[in-house]
Amino acid sequence: MAPDWGRINESFVIKGNFPIDTALVKVYFADKEAVIVNNDGRELCGLVPKQAPGYNEVTLEVDGKKYTSDNVKFKYYQTQSVKTVLGKFDDNQWLEGAMDEFRLAECTGIVTVAGQKTDNFIFLGGGWGDRTYFVSLEDNMVMRLINIGYMGAVAVDNSREKVSIMPRSGGAMYTATRVDGWTLNSLGLTVPFQGDCQGALAYAEDDRYVYAMSGDGLFEIDLEEKSYVKLFDKSQYPAFDGLNTTQWRHYLTYSKYDKCFFASYPENNGILKIWKDASDAWQVERYAGFQPGWLATAFGDRLTDAVLKEPCGMAVNSAGELYVCCKSSHCIVKIKGRLVSLVAGTPDKAGKVNGFPTDAYFDNPLCIAIDSEENFFIGEEASRAIRKMTIE
């Protein structure tokens with residue numbers, strides 16, 4: 001095999017004696033199957049798939065039988081970048097059109113949804129106007145979804161085929177599905193919401209339910225029965241003491257890895273963890289941050305060292321790592337276990353620069369979504385763009 005190192009989508013060649021029928025031959029790098037582009041029976045050519053960095057085992061499968069070698073290891077180098085996918089830096093206007101023509105002022109909420117070949121995304125444009133859009137990366141198309149005033153929160157279910165949306169003022173619920181062309185429909189249900197709702201909506205394990213974090217507690221909304229129940233009141237838990245829970249921004253996400261919700265409170269510079277214990281009782285604890293905002297951004301232990309300045313949107317990857325947009329820090333951080341580390345941006349310095357993630361500059365990042373290939377889409381308040389971060 002040659003070469004024995006490389007990056008995603010680079011070519012490799014394996015020499016041997018193979019069936020010409022490509023359907024009978026497969027190549028795996030660790031657990032990732034490669035795309036085979038040519039096979040003449042003597043040389044097999046393919047493209048390197050995305051995989052974990054470092055040395056990975058290569059497996060050749062011929063007619064169901066697998067072959068490996070201790071002498072063949074492939075060293076994979078990650079490719080990392082931040083690039084603009086919608087909008088243009090500093091072009092402060094709203095202009096609808098194809099993706100290369102589209103202009104936006106801000107992005108306050110974003111989710112990735114299923115497409116035909118790759119994931120697409122839906123984003124909320126902020127302000128008080130009608131700014132809810134579906135973006136098809138496959139078709140180079142942006143489509144406005146609804147003629148209703150500012151929507152504050154959007155959440156996507158586990159199939160990526162359905163979204164729920166709530167207005168900034170909270171209460172009313174809307175849903176949309178891929179099969180219906182992402183047309184938003186009223187659920188005919190109003191939740192007694194306290195405070196505003198920018199970001200405070202998430203699905204968990206069962207797509208029948210969506211969850212909303214109000215200023216006074218957590219609600220479970222039954223999308224089939226069109227009903228709701230308040231799961232707990234904030235007054236039950238000391239973790240909420242001293243927090244401004246009615247602030248108009250507080251984002252909610254769910255981790256399948258840890259079986260819990262995370263709720264960010266930007267004005268308090270912190271993130272709460274919300275979960276059910278073995279006795280089926282709800283628990284709430286301070287999870288990360290809660291240091292004074294006048295301090296410089298800092299990393300390390302999530303509670304004793306980390307300074308998170310206005311944490312907003314969050315996303316969890318398949319490894320259970322929590323990615324957080326820190327608005328006033330102008331950066332994206334990762335929380336793994338107790339450790340907070342920098343992922344992208346230049347801490348405490350606003351800017352509008354793409355490139356390698358830690359060389360990039362962000363300007364008040366507000367929301368983040370992860371697609372099925374574990375790429376990230378990041379919406380900001382002031383850059384006038386939506387950006388894609390790839391670590392592959």
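Trainee: Why is the sulfur of Cys-325 in no bond with the closest cysteine sulfur?

Mentor: This is a predicted model, and in it the closest cysteine sulfur to that of Cys-325 belongs to Cys-367. A disulfide calls for two cysteine sulfur atoms within 2.5 Å. The sulfur pair of Cys-325 and Cys-367 is too far for a bond, because the distance between the two atoms is 6.4 Å.

Trainee: How many disulfides does the structure hold, and how far from Cys-197 is the nearest cysteine sulfur?

Mentor: The structure holds zero disulfides. Cys-197 is accordingly in no disulfide, and the cysteine sulfur nearest to it, that of Cys-367, is away by 14 Å.

Trainee: Is Cys-197 buried or exposed, and is Cys-325 buried or exposed?

Mentor: A residue counts as buried when its relative accessible area is under 20%. Cys-197 has a relative accessibility of 0%, so it counts as buried. For Cys-325 the relative accessible area is 0%, and therefore this residue, too, is buried.

Trainee: Which residues does the cis peptide bond join, and what is its omega?

Mentor: One partner is Pro-3, whose place is in the segment before strand S1 (5-6). The cis peptide bond joins this proline to Ala-2, and its omega is about -10°.

Trainee: Where does Asp-280 lie, and is Asp-280 buried or exposed?

Mentor: Asp-280 is not a glycine, yet its phi is positive, at about 70°. The residue is found in the loop between strand S25 (270-276) and strand S26 (282-289). Since exposed means over 50% relative accessible area, the 52% of Asp-280 makes this residue exposed.

Trainee: Where is the place of Phe-290, and is Phe-290 buried or exposed?

Mentor: Phe-290 also has a positive phi of about 70° without being a glycine. Its place is in the loop between S26 and strand S27 (300-301). With a relative accessibility of 18%, which is under the 20% limit, Phe-290 counts as buried.

Trainee: How many helices and how many strands are there in the protein, and what is its radius of gyration?

Mentor: The protein has zero helices and 34 strands, and along its principal axes the C-alpha trace spans about 70 × 50 × 45 Å. For 392 residues, a compact globule would have a radius of gyration near 21 Å, which agrees with the value for the protein, 23 Å.

Trainee: How far apart lie the centres of the positive and negative side chains?

Mentor: The two sets to be set side by side are 41 positive and 53 negative side chains. The distance by which their centres lie apart is 3 Å.

Methods
Residues are numbered from 1 along each chain as its sequence is written. This is a predicted model: local features need pLDDT of at least 70, side-chain atom pairs count only at pLDDT 80 or more; totals for chains, interfaces and linings use all residues. Side-chain values use heavy atoms; hydrogens and water are left out. Helices (H or I, at least four residues) and strands (E, at least two) are DSSP runs, numbered from the N terminus. The radius of gyration is taken over C-alpha atoms; the globule rule is 2.2 Å times the number of residues to the power 0.38. Lys and Arg count as positive and Asp and Glu as negative; His and the chain ends are not counted. The place of a charge is taken as NZ of Lys, CZ of Arg, CG of Asp or CD of Glu. Buried means under 20% relative accessible area, exposed over 50%, partly exposed in between (1.4 Å probe, protein chains only).
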